[in-house]
Amino acid sequence: MSVRLVRASSDDAFTSYTLTRELIEYHKALDIFELTEHRLAELIADESICSYIALCDGKPAGVMNYFWKYTTFTGRKILYIEDLYVRDEYRGKGVGKAFIDKAKELAEKNDCEQIELKCINWNKSSAEFYKAVGFEADNQWISFVMEKTLFQKP
């Protein structure tokens, strides 16, 4: 089986959206999923989000959505992987590794400080994969979030 990664354009938003929605469904979070195909196309078009689609023998097998952050510690970019998803039937066949290799290539090309991603605590198989390809759990920093209901005016 051949794995080919294609950088998505706004014309590919349907495929990126479908795969991203599958990931959200896998996380059992469709109740908070508000992204639309149209909005994803806009984000891809203005490069707020970059998306790569994995094709295995020409069929969509997974998606990696990422964007750039900066760190004031060094002034360098961080490649932040927002979504990394591989369809069940393609897991263990090199698709995830191809995405990580692409992220490493992009990070090197852009003089990044690091590559960052989050993994939900119950997803042990993904956490093990990330460790196997070189990621380390960050036990120094705690993530805090504020939901929009606390800052959005009614």
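Leaving aside neighbours within four places in sequence, which residues is Phe 99 in contact with? Select Phe 99 in this predicted model and display its surroundings. Early in the chain, the partner is Leu 5. Then come Tyr 52, Ile 53 and Ala 54. Gly 62, Val 63 and Met 64 also touch Phe 99, as do Leu 84, Tyr 85 and Val 86.

Next, widen the selection to the largest nonpolar core, a set of 22 residues. Pick out Met 64, Tyr 66, Leu 79, Ile 81, Leu 84, Val 95 and Phe 99, the members that touch the most others. Now colour by element. Strand S2 (50-56), strand S3 (59-70), strand S4 (77-86) and helix H3 (95-109) each provide at least two residues of this core. H3 gives the largest share, with six residues.

A separate core comes next. That one has 13 residues, including Ala 8, Ala 29, Ile 44 and Val 63. As a general point, nonpolar side chains in soluble globular proteins tend to be buried together.

Move to the loop between S4 and H3 and select Glu 89. Glu 89 is partly exposed, because its relative accessibility is 48%. Add Ala 61 to the selection. Glu 89 and Ala 61 are 28 residues apart in sequence, yet their C-alpha atoms are 8.1 Å apart in space.

Last stop: the segment after helix H4 (124-132), where Phe 151 is found. Is Phe 151 buried or exposed? Phe 151 counts as exposed, because its relative accessible area is 53%. Add Met 146 and Leu 150. Together with Phe 151, they make a nonpolar surface patch of about 380 Å².

Key. Residues numbered from 1 in each chain as written. Predicted model: local features only at pLDDT ≥ 70, side-chain atom pairs only at ≥ 80, totals over all residues. Heavy atoms only, no water. Patch = residues over 30% accessible without salt bridge, like charges linked within 9 Å, V, L, I, M, F, W, Y side chains within 5 Å. Areas by Shrake-Rupley, 256 points an atom, 1.4 Å probe, with all protein chains shown as cover. Salt bridge = Lys/Arg side-chain N within 4 Å of Asp/Glu carboxyl O. Helix = DSSP H or I, 4+ residues; strand = E, 2+ residues; numbered from the N terminus. Buried < 20%, exposed > 50% of the residue type's maximum accessible area, 1.4 Å probe, protein only. Core = buried A, V, L, I, M, F, W, Y, C linked by side-chain atoms within 4.5 Å. Contact = heavy atoms within 4.5 Å.
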